[in-house]
Amino acid sequence: MSVLNGKKILLGVSGGIAAYKTASLVRLFIKAGAHVQVIMTPASKDFVTPLTLSTLSKNPVHSSFFNQDDEDAVWNNHVDLALWADLMLIAPATSNTLSKMTTGNSDNLLVATYLSAKCPVYFAPAMDLDMYKHPSVLSSFTALKSFGNIMIPAESGELASGLSGEGRMAEPENIIAFLEADLESKLPLKGKKILITAGPTYEAIDPVRFIGNHSSGKMGFDLANEAANLGAQVILIAGPTHYKTKNGLVEVINVVSAQDMYDACHEYFNDVDVAIAAAAVADYRPKVVALQKIKKAADEFSIELEKTKDILASLGAIKKNQFLIGFALETENEIENAKLKIQKKNLDLIVLNSLQDEGAGFKKETNKVTFIDQDFKIEPMELKSKESVAVDILNKVVLHFAKS
């Protein structure tokens, strides 16, 4: 899966003959799973039609500050467009547009949006070879790169003038490859391997019935998706759940019982850099599992239970350099119980949930957690979506490796 998958890309098209290539470029972005919006300068519409790019991007194309044919004259808000984007690409970037970007001459929607952008900005120059080497253009390159913008160098080949040389906009496939390589190189967890557990476990009573809990698995799946988005190689060991991963780079190991999860964790733990135990593992299981369905006969029925193996404690006992994160769901004496777990299970960080907090717990879209590290530093967080909590947890992982 491409690192561009799910990214919101703002494509700025300026008026050069290379603008015809943007149809292929938009198509490749969509194929990679990106969301695309296009801004065109007025001159660029002489080379490629807004209808083409609108059809391919599945979004309206913007080219002016307001739509002149619209009786209500709705403003195309350049700030909103800029804030929407995860990255902005200006391709082709003509000498005229590059000069305006450098000097801040925002006489069109594209340059105004560029000046409002807080995301990474890439530009792919396109012009004739003598223009490409002219001192004024070279100074634009230097200035834009000093602003933090990233240049996708032009390629050599036949130019519209009939000459052959440097100045041709990079081919769409090469632009995609450049963006993917650049984004991947900056992912903070690139090269890290992370083990995550998720969901409940089911402990069989007989072939039909089981002991389980209300965990949906959402927190673990959100963690897995976010870790993969940050560049990590992710192994997700998941108990029974209806959730699916959104990132195709996550390797999912499906298990049912606590013993299944224990075995899978120990199979992979020695090779990972981080383990996050987000699963709600059953503490007890039936001592004897009936081979046939137990008939409803007596008015009372007892099941003898035995403890399951403590997966988190067993990982803490054998950990070497792994960063080990556990979860604690408590209903009373939350902080003290969580601190005890840190010590008993040799954890680096614990994520405390309390069922006393409204909006937290099983089968909820939100969670309210408190972080406690091995030095007992306590950091309470606000109620957030579980996706946002996953981001906060992975930020702790990123910070850990930044310090080490």
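Buried means under 20% relative accessible area, exposed over 50%, and partly exposed lies in between. I wanted that cut-off written down before opening the entries, because Tyr243 comes out at 23% relative accessibility and so counts as partly exposed. Also for the record: this is a predicted model.

**Entry: the ring pair at Tyr243**

I stayed with Tyr243 and looked up its partner. The whole structure holds 5 aromatic pairs. In one of them, the ring centres of Phe221 and Tyr243 sit 6.2 Å apart with the planes at 35°, so I log the pair as tilted. Phe221 belongs to helix H9 (residues 218-229), while Tyr243 is in the loop between strand E12 (233-238) and strand E13 (250-254), so the pair ties together parts 22 residues apart in sequence. Phe221 is on the other side of the cut-off from its partner: it is buried, with a relative accessible area of 4%, whereas Tyr243 is partly exposed.

I also noted a cluster, in which ring pairs link Phe123, Tyr132 and Phe141.

**Entry: the nonpolar cores**

Next I pulled up the largest nonpolar core. Which of its 35 residues touch the most other members? They are Leu4, Phe29, Val38, Leu53, Leu89 and Ile175. I then checked which elements feed this core: strand E1 (8-13), helix H1 (22-31), strand E2 (35-40), strand E4 (87-93), strand E5 (121-125) and helix H8 (172-185) each give at least two residues. H1 makes the largest contribution, with 5 residues.

I picked Ile175 for a closer look. Leaving aside residues up to four places away in sequence, Ile175 touches Leu25, Leu89, Ala124, Ile152, Met169 and Ala170. Leu89 is also on my list of the residues that touch the most other core members.

There is a second core, separate from that one, with 33 residues; Ala228, Val351, Met381 and Ile393 are among them.

**Entry: Ile372**

I looked up Ile372 in strand E20 (residues 369-373). Buried or exposed? Ile372 is at 0% relative accessibility, so it counts as buried. Its contact list, again without residues up to four places away in sequence, reads Ile335, Ala338, Lys339, Ile342, Leu349, Ile350, Leu352, Lys377 and Ile378. I also took one C-alpha separation: Ile372 and Leu312 are 60 residues apart along the chain, and their C-alpha atoms are 16 Å apart.

**Entry: a nonpolar patch on the surface**

Then I turned to the outside. Tyr284, Phe301, Ile303 and Leu305 form a nonpolar surface patch, and together they have about 390 Å² of accessible area. I located Ile303 in the loop between strand E15 (284-286) and strand E16 (305-307). Ile303 has 35% relative accessibility, so I put it down as partly exposed.

**Entry: salt bridges**

My search of the whole structure gives 14 salt bridges. I went through three pairs.

Lys21 bridges to Glu171, with the closest N and O atoms 2.8 Å apart. This pair links distant parts of the chain: Lys21 is in the loop between E1 and H1, Glu171 is in the loop between strand E8 (164-168) and H8, and their positions lie 150 residues apart in the numbering. Lys21 is buried at a relative accessible area of 5%, but Glu171 is partly exposed at 24%. The two don't stand alone, since Lys21, Arg168 and Glu171 are linked in a network of salt bridges.

Lys345 and Asp310 are my next pair, with the closest N and O atoms 3.1 Å apart. Why does this one tie together parts that are 35 residues apart in sequence? Because Lys345 lies in helix H12 (residues 334-345) and Asp310 in the loop between E16 and helix H11 (311-318). At 15% relative accessibility Lys345 counts as buried; Asp310, at 35%, counts as partly exposed.

Last, the side chains of Lys396 and Glu379 meet in a salt bridge at 2.4 Å, N to O. Lys396 is in helix H13 (residues 386-403) and Glu379 in strand E21 (residues 378-380), 17 residues apart. Lys396 is partly exposed at 21% relative accessibility, and Glu379 is partly exposed too, with a relative accessible area of 27%.

Key. Residues are numbered from 1 along each chain as its sequence is written. This is a predicted model: local features need pLDDT of at least 70, side-chain atom pairs count only at pLDDT 80 or more; totals for chains, interfaces and linings use all residues. Side-chain values use heavy atoms; hydrogens and water are left out. A nonpolar core is a set of buried Ala, Val, Leu, Ile, Met, Phe, Trp, Tyr and Cys residues joined through side-chain atoms within 4.5 Å. Buried means under 20% relative accessible area, exposed over 50%, partly exposed in between (1.4 Å probe, protein chains only). Helices (H or I, at least four residues) and strands (E, at least two) are DSSP runs, numbered from the N terminus. Contact means heavy atoms within 4.5 Å. Patches are made of residues with over 30% relative accessible area and no salt bridge: like charges are joined within 9 Å, nonpolar side chains (Val, Leu, Ile, Met, Phe, Trp, Tyr) within 5 Å. Accessible areas come from the Shrake-Rupley method with a 1.4 Å probe; for residues, only the protein chains shown count as cover. A salt bridge is a side-chain nitrogen of Lys or Arg within 4 Å of a carboxyl oxygen of Asp or Glu. Rings of Phe, Tyr and Trp (its six-membered ring) pair if their centres lie within 6.5 Å; planes under 30 degrees apart count as stacked, over 60 as edge-to-face and the rest as tilted.
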